[in-house]
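Reader: I've got a model open on my screen and a pile of "how do you know" questions. Can you take me through the labels and what backs them up?

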Amino acid sequence: MAAAVVRRGPAGWWRWHRRVMVCSRTMASKTPVGFIGLGNMGNPMAKNLVKHGYPVIVYDVFPEACKEFQDLGAQVTESPADVAERADRIITMLPSSPHAKEVYTGGNGILKKVKKGSLLIDSSTIDPAVSKELAKAAEKTGAVFMDAPVSGGVGAARAGNLTFMVGGVEQEFNAAKELLTCMGSNVVYCGEVGTGQAAKICNNMLLAISMIGTAETMNLGIRLGLDPKLLAKILNMSSGRCWSSDTYNPVPGVMEGVPSANNYQGGFGTTLMAKDLGLAQISATNTKTPVPLGSQAHQIYRMMCAKGYALKDFSAVFQFLREEESL
């Protein structure tokens, strides 16, 4: 008996083609992965891909950031476009919306040489509207763009315990998850493109507010004569407990292995927190959402940047409040 011939119209053929592309990408496990942006977060994230056996093709605007990866056997390229020419799965980790636009759509950007069917995952924290804009630009080239910002900081990036908040076409989620689970312990699908960014900026607004609250509380307790370690212990067994108090305490001497134990070096920079709070403010304005504490947190972190704290970890707000008697 002759095999039946299945006829597909244009729409049906496209759905079938997408399923084939998703399936083949998911099965492409150890094919090369491009990684662009090797800063405090990108460096350990890319290293975890190498640890999981992926050949990595890297680019960073600062060539010295690539040398370590060259020593690990990674290919080093001259531009984002060169990465796109050599890899059909690319992860980007960049400081801000303008950086992301340049890397994707600039003169030597990814979209200049991206292959049709490529999967582009942006783990930067940027404006959700920019993520949507980049997704549309990628779609015109036949590529798929997903936003996948992270939470957890440098320590979690090193340990491979990041949380990824992913926005994009749901059918592509498993292909993205294959890579992201090499760098994180939680990979959560949030919805369409931009929803990953929305989740991230909401999280960071809460983080900033809780860090300021923890710093204020610790400062007050110390001035009332309480030992800071004792106060932290009490907070962490009481209703005031939060991540800023029990995992990332801002008071020097209370915890080891956190930025406050190292003169607030490393970690998540004050400049980046101010940037993320700015994104939250833009989104709040666009959605007419009242965020009085978020607005106050934004102003405090902007003041810190102006007063010499820009390169320190955001938990340095404790030191800032100790020095700012007028607040």
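Reader: Let's start with the annotated spot. Which residue does UniProt mark as "active site"?

Author: The unreviewed UniProt entry puts that feature at Lys200. Keep in mind that what you're looking at is a predicted model. In it, Lys200 sits in helix H10.

Reader: And what makes Lys200 buried or exposed?

Author: The cut-off for buried is under 20% relative accessible area. Lys200 comes in at 5%, so it is buried.

Reader: Which residues does Lys200 touch?

Author: Leaving out residues up to four places away in sequence, Lys200 touches Thr125, Pro149, Val150, Met165 and Asp276. Contact here means heavy atoms within 4.5 Å.

Reader: H10 again: what does that helix do for the largest pocket's lining?

Author: H10 gives the most to that lining, with six residues. Other elements that each supply at least two residues include helix H5 (97–105), strand S7 (150–151), helix H8 (153–159) and helix H13 (270–286).

Reader: How much space are we talking about, and which residues are closest to the centre?

Author: The largest pocket holds about 1300 Å³. It has 48 lining residues, and Asn40, Met41, Leu94, Pro95 and Leu272 are the closest to its centre.

Reader: What classes of residue make up that lining?

Author: The count is 23 nonpolar, 20 polar and five charged. If you tally this yourself, remember that Gly goes with the polar ones.

Reader: Which domains does the lining draw on?

Author: Domain 1 (33–192) and domain 2 (199–322) each give at least three residues to it.

Reader: How do you know where those domains are, and how far apart are their centres?

Author: The bounds, 33–192 and 199–322, come from the domain assignment of the protein. Between the C-alpha centres of domain 1 and domain 2 there are 28 Å. As for contact, 13 residues of domain 1 meet eleven residues of domain 2.

Reader: What does UniProt list for these regions?

Author: The unreviewed entry has "domain: 6-phosphogluconate dehydrogenase NADP-binding" over residues 33–191. For residues 194–320 it lists "domain: 3-hydroxyisobutyrate dehydrogenase-like NAD-binding". The secondary structure of the spans goes like this: 33–191 is 42% helix and 24% strand, while 194–320 is 63% helix and 0% strand. The end C-alpha atoms lie 24 Å apart for 33–191 and 33 Å apart for 194–320.

Reader: Back to burial. Why is Met183 called buried?

Author: Because its relative accessibility is 0%, and buried needs a value under 20%. Met183 is in the loop between helix H9 (173–180) and strand S9 (184–191). Its contacts, not counting residues up to four places away in sequence, include Phe35, Met45, Ile91, Asn161 and Phe164.

Reader: Asn161 is in that list. What makes it "partly exposed"?

Author: Partly exposed runs between the 20% and 50% cut-offs. At 43%, Asn161 falls in that range, so the label fits. Asn161 is in the loop between H8 and strand S8 (162–167). Besides Met183, it touches Ala156, Gly184 and Ser185, again not counting residues up to four places away in sequence.

Reader: What is unusual to look for in the backbone at Asn263 and Lys288?

Author: Look at phi. For Asn263 it is near 55°, a positive value in a residue other than glycine, and for Lys288 phi is near 55° too. Asn263 is in the loop between helix H12 (243–246) and H13; Lys288 is in the loop between H13 and helix H14 (292–309).

Reader: Why do those two get their accessibility labels?

Author: Exposed takes over 50%. Lys288 has 75%, so it is exposed. Asn263 has 46%, so it counts as partly exposed.

Reader: One last one, in H13: how do you know whether Ala274 is buried or exposed?

Author: Its relative accessible area is 9%, and with the buried cut-off at under 20%, Ala274 is therefore buried. This residue lies in helix H13 and touches His298, Tyr301, Arg302 and Cys305, not counting residues up to four places away in sequence. Ala274 and Cys305 are 31 residues apart along the chain, with 8.0 Å between their C-alpha atoms.

Technical notes: Residues numbered from 1 in each chain as written. Predicted model: local features only at pLDDT ≥ 70, side-chain atom pairs only at ≥ 80, totals over all residues. Heavy atoms only, no water. UniProt positions renumbered as here; feature names shortened; annotations may be inferred. Helix = DSSP H or I, 4+ residues; strand = E, 2+ residues; numbered from the N terminus. 1 Å grid on protein atoms, 1.4 Å probe; cavity = no way out; pocket = protein on both sides within 12 Å on 5 of 7 lines; lining within 4 Å. Points joined across faces, edges and corners; volume = space filled by probe spheres on them. Domains from an automatic or database assignment. Buried < 20%, exposed > 50% of the residue type's maximum accessible area, 1.4 Å probe, protein only.
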